[in-house]
Amino acid sequence: MKLNKQRTILIGFAFMSICAFWQFYDNEIPKILKYTFNLGETWTGVVMALDNVLALFLLPLFGTISDKTDTGFGKRMPYILVGTALSAVLLTILIIIARPSGNLALFVGVLLLLLLSMGIYRSPAVSLMPDLTPAPFRSTANAIINLMGTLGGIYILVMIKVLLKEAADPAQTDYIPLMLSLVLFMIVAVAVVFFTINEKKIKEEIKKDGGLKSLGETFDNNAEDASSNDEKASDGEMISKSGMTQKATAMPSEIKRSLIFLLVSVFLWFTAYNAVTTAFSRFVAEVWDLHDNAYATCLLVATIAATLSYVPIAFVSSKIGRKKTILIGISLMAASYVITGLYPHFSPSINIFFALVGIGWASINVNSYPMVVEMSKAGDIGKYTGTYYTFSMAAQVFTPIFSGFLLENISYRTLFPYAFIFSALAFVTMLMVKHGDVKPPKKEKLIDHFDVDD
């Protein structure tokens, strides 16, 4: 038995379409709210936090519902198809009504429906991989899925550079070409999955080979041999297991203290990073008077740098341990925030510091969740995995609103000091983490380095 990489790539097209959408949502929706509808930064932050609030309910809901579904197309495919179709229609409507004379309440209403439609197929799309991958190969398959998602994000950043031409008045920017490219990309990507992946047939083939364990069995195995967390659960598996009852043992108080400090660190570094990714597209216009979506180049540099750094980061972690690697990553990000914030005008050299931000963020993502798993072996892995994602999601609900309030009421110049302060606090709380640090063994395959939970 071996991993069918071609099939895994085809499955990854669904996740690629999702990542392309969220890249567009995070970068362009705030600009539309601000420049087209003249919404203040605080309320823009409130709207931008809605997706994370809804995700807390929608991801486990549709993950669980699709678990219990049985159709001729399989368990996950109906939700992927319906969610994509609704999202494509609603995204088209959203951009059409995004006009200066448009109705803000109508825009936000359609946006809510769009977020709900994305929620319909997000969990089923992620769950498709563990459903159709033999248990021993899910780590490698998750790495492939992550790379496919990265390609989706890169695609939309390139399209923003190529197709989105800002007018002299930002409110008059024509989003139709970009919207069409995104809608077409999502439809084609999901069509590839639909016409190439026979969910039921593949599942039967893997069952015959004895490679398709239940998610519960996989989870139990991970709990037993997670010393290096090389075979950790994917996002989809986590969602499916969120309702499972696990036999838990009491976690020693000193380990629990370290876990609490690590979870606080998760909240703090997500608070810093998400503030920048959400507000940067407006920051460059307001502070540096930079237009024509030049911000996309910086984010593209950060994304590519992060992707290229996964392999060397894994090597560094194996030599000095996860905690030190995370502290180095936080330091890189904090220093880059400070230096970038000092620039009075845009300079191409800023891309250097965005590359460092990408490397720093990758250093954190490669190592933080495995540390949670390492500590929670002494208690309940399922419980603390859910807590890890709760802290990260809570930060992404909090920070668009709070940072938006500062941008609106003090200055746009507060963005990078804000990110630095929360990064510095994360560094301090991470110093207090005394458990869960291991030097991960060398991966057998190059692709396995991209098996990351963020």
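Here is an informal tour of this predicted model, from the overall fold down to single residues.

Some ground rules come before the tour. Residues are numbered from 1 along each chain as its sequence is written, and side-chain values use heavy atoms, with hydrogens and water left out. Because the model is predicted, local features need pLDDT of at least 70 and side-chain atom pairs count only at pLDDT 80 or more, while totals for chains, interfaces and linings use all residues.

## The overall picture

The protein chain has 15 helices and zero strands. Those elements are DSSP runs numbered from the N terminus, with helices being H or I runs of at least four residues and strands E runs of at least two. Of the 454 residues in the chain, 59% are buried. Here, buried means under 20% relative accessible area, exposed means over 50%, and partly exposed is in between, using a 1.4 Å probe and protein chains only.

Contacts tell us something about the fold too; a contact means heavy atoms within 4.5 Å. Among contacts in the chain with a separation of 6 or more, 84% are between residues 24 or more positions apart.

## The nonpolar cores

A nonpolar core is a set of buried Ala, Val, Leu, Ile, Met, Phe, Trp, Tyr and Cys residues joined through side-chain atoms within 4.5 Å. The largest one here has 127 residues, and Ile29, Trp269 and Phe280 touch the most other members. Apart from it lies another core, of five residues, including Ala306, Tyr310, Ile313 and Ala362.

What does tryptophan 269 touch, leaving aside its neighbours within four places in sequence? The contacts of tryptophan 269 are Leu262, Ile326, Ile330, Trp361, Ile364, Ser368, Ala426 and Met430.

## Salt bridges

A salt bridge is a side-chain nitrogen of Lys or Arg within 4 Å of a carboxyl oxygen of Asp or Glu. A search of the whole structure turns up six of them, and the table includes three.

| Acidic partner | Basic partner | N to O distance |
|---|---|---|
| Glutamate 28 | Lysine 31 | 3.3 Å |
| Glutamate 41 | Arginine 282 | 2.5 Å |
| Aspartate 131 | Arginine 76 | 2.5 Å |

Take glutamate 28 and lysine 31: both lie in helix H1 (residues 5–36), three residues apart, which is about one turn of the helix. Both of these residues are buried.

The bridge between glutamate 41 and arginine 282 links distant parts of the chain, with glutamate 41 in helix H2 and arginine 282 in helix H10 (residues 253–286), 241 residues apart. Glutamate 41 counts as buried because its relative accessible area is 2%, and arginine 282 is buried as well, at 3%.

Aspartate 131 and arginine 76 also link distant parts of the chain: aspartate 131 sits in helix H4 and arginine 76 in the loop between H2 and H3, 55 residues apart. Aspartate 131 is buried, with a relative accessible area of 6%, and arginine 76 is buried too, with a value of 0%. Shared partners also join Lys34, Glu41 and Arg282 into one salt-bridge network.

## An enclosed space

On a 1 Å grid over the protein atoms alone, a cavity is a set of points where a 1.4 Å probe fits but cannot get out, and its lining residues have an atom within 4 Å of a point. Grid points are joined across faces, edges and corners, and a volume is the space filled by probe spheres set on the points. The whole structure holds three cavities of 30 Å³ or more.

The second largest cavity has a volume of about 50 Å³. The residues lining it are Trp22, Asp51, Leu54, Ala55, Leu58, Leu59, Leu115, Met118, Gly119 and Arg122. Helix H2 (41–67) and H4 each supply at least two lining residues, and H2 gives the largest share, five residues.

By type, the lining of this second largest cavity splits into seven nonpolar residues, one polar and two charged. In that count, Ala, Val, Leu, Ile, Met, Phe, Trp, Tyr, Cys and Pro are nonpolar, Asp, Glu, Lys and Arg are charged, and the others, Gly among them, are polar.

## Two residues to look up

Glycine 102 is in the loop between helix H3 (77–96) and helix H4 (104–131). Is glycine 102 buried or partly exposed? Glycine 102 is partly exposed because its relative accessible area is 29%. Not counting residues up to four places away in sequence, glycine 102 touches Phe37 and Ile97. The C-alpha atoms of glycine 102 and phenylalanine 37 are separated by 7.7 Å, though the two are 65 residues apart along the chain.

Alanine 143 belongs to helix H5 (residues 138–163) and counts as buried, at 0% relative accessibility. Alanine 143 and threonine 8 are 135 residues apart in sequence and 9.9 Å apart in space, C-alpha to C-alpha.

Definitions and conventions. On a 1 Å grid over the protein atoms alone, a cavity is a set of points where a 1.4 Å probe fits but cannot get out, and a pocket is an open set with protein on both sides within 12 Å along at least five of seven lines; lining residues have an atom within 4 Å of a point.
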